[in-house]
Amino acid sequence: MSDITKSAAWTRLETAHARLRKQRTINLFDAAPSRAEDFSIEAAGLYLDYSKNRICADARAGLADLAVAADLAGAIGAMFAGEKINSTEGRAVLHVALRDFSSRAYKVGGADVAPLVAGERAKMKAFAQKYEARALTGFSGAPLDTLVNIGIGGSDLGPLMAVEALRPYWLDGKTAHFVSNVDGQHLADTLEKADPARTLFIIASKTFTTQETMTNAESARRWFLENGGTQKDIAGHFVALSTNEAAVREFGVAPENMFGFWDWVGGRYSMWSAIGLSIALQCGWDAFEAMLKGAHAMDAHFASAPIGENMPAMLALVGLWNRNFEGAAAHAVLPYDQHLHRLPAYLQQLDMESNGKSVMKNGARVNCATGPVIFGEPGTNGQHAFYQLIHQGTDIVSSDFIAAANSAAPVGDHHEKLLANFLAQTEALMLGKSEADVRAELAAGGADAGAIDALAPHRTFAGDRPTNSILMERLTPQTLGALVALYEHKVFCQGVLWGVNSFDQWGVELGKALAKEILPEIAGAGRSDPPRKNHDASTRRLIEKINSLRAR
């Protein structure tokens, strides 16, 4: 594994950046009249404009050289070939196989897994169609029409995001809820709205041992049994998305209601597998299948397009430019679509859990910054919250602006105003406002010299804040699938470029292990005077304080 910071391409980029930092982004448009067209890509129903980043043709060529130095094309081929690119866990990474409806073979360890995918997908389809037809009934004989998905991380964020994004496709009379937090209030608030006789629980846990998920699942089962259901009825009211058949059977789930997936499906890439069952149930199988096909369209583009015309690769390279050369430590995802309000949270996990690493695959420390902090809110809400910092803060924040040209629910001129804000913000972030323009504006408004001197610094904007714009005709299952696949591949490309493994998450495991050790020390039912362990003084004191407060 080579360190790209030692490559000639990296040196070329440093030279290009030293030259560009003295320029304004708007001047790059003046120098190249076709810049907007040249710095944009269209694929799988999406249009990416990355021209408002302070990057020139020479820098872009340097980024392409960087991709060659990191053998990005080889890494893409290795992923699609089923090689064990998740090196620390010895696993292939083949979520692309989950959304391919062709007869193409996908080999893992020499065996074609495509038939397994097709078989599980057919089982999901049959179940979803029964649910849609109201053919699944509960213990009272009433059809099941309320869904409670219990999972966490990739078993929650992806399905929840997609179900919210596809709200116009919800099946009539169906309701979906998602429970993830081990805080009992989350489950309690959800169950207040549920009728046990009409509720279908989905327990989403690959191992069926995830502490938060199984704690919620056990409490949901107890609630079900205390409110009219019997042990026998569990088989018809609970579904398991897992690979642990023994634990699923012990819980009481019927074997035909167990849906599996494989160790080459990572958690944050699993919404395309059985983990996406909640999407298929709430939005209908046709919508779920269309989402898979939209993702596959982006996969096909990603696997075949040359780097300079490859939307995920270029989004990744521009992101690397902003992170490593422009110094953007944070990246905002700003969907101008209320139905995408959970997309930033989903991308937080996808990006930060994947590339929040400081060690390369070969065990050496990285010599450059890796994954940025991801945050965001839907526009225009974010404009009245954190855009102030993006415009005038001391740190450079890069941003992705996402919008659909047409609304799913046209009301008056709402969508036109939404789009006007979408366009205005990226233009304002690039152009800024010079002190001379501010002074002229204040003078034209009748301000005296003293007021102008006092106000001008506060109303000046530096500009040159990097943004990407992603457009689609409208938000549909197909374009949603393409959008999510775009970000999946972008994150993968950046991991390859930085030399880190984007598919493990050892940082998540450490906290879980310590929590299990601390749990017996928290005073609770049947426990008193919990045992002391060799904690640091702060943690020991906090445990004592918590137990004293609980004792009241």
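**An open parallel sheet, helix 4 and a buried asparagine**

In this predicted model, five strands form an open sheet in the order 6-5-7-8-9, and their pairing is parallel. Strand 6 (175–179) and strand 9 (258–259) stand at the edges with a single partner strand each, so that one side of each is left without a neighbour in the sheet. Strand 9 is joined by two bridges to strand 8 (residues 238–241), the two running parallel, and L241 stands opposite F259 in strand 9. Helix 8 (residues 184–191) packs on the sheet, where it touches strand 5 (146–150), strand 6 and strand 7 (199–204), and the direction of helix 8 makes about 165° with that of strand 6.

Helix 4 (residues 57–69) comprises 13 residues and reaches 18 Å from its first C-alpha to its last, which is close to the 18 Å expected at 1.5 Å a residue. Its buried residues are A59, G62, L63, L66 and A67; seen down the axis of helix 4, these buried residues fall within an arc of 150°, so they line one face of the helix. They pack against helix 1 (8–20), helix 5 (72–80), helix 14 (311–324) and helix 20 (477–498). Helix 4 is followed by D71, for which phi is positive, near 55°.

The loop between helix 20 and helix 21 (506–518) contains N501, a buried residue with a relative accessible area of 5%. A polar atom of the N501 side chain lies 3.0 Å from the backbone nitrogen of F503. When neighbours within four places in sequence are left aside, N501 is in contact with I85, N86, S87, T88, S354, K357 and K361.

How values were computed
Residues numbered from 1 in each chain as written. Predicted model: local features only at pLDDT ≥ 70, side-chain atom pairs only at ≥ 80, totals over all residues. Heavy atoms only, no water. Helix = DSSP H or I, 4+ residues; strand = E, 2+ residues; numbered from the N terminus. Expected span 1.5 Å × (residues − 1). Buried < 20%, exposed > 50% of the residue type's maximum accessible area, 1.4 Å probe, protein only. Arc of directions from axis to C-beta. Contact = heavy atoms within 4.5 Å. Polar contact = N/O pair within 3.5 Å; in protein donor to acceptor, adjacent residues only side chain to side chain. Pairing = 2+ DSSP bridges. Axes fitted to C-alpha atoms, helices over the stretch in contact; angles between N-to-C directions.
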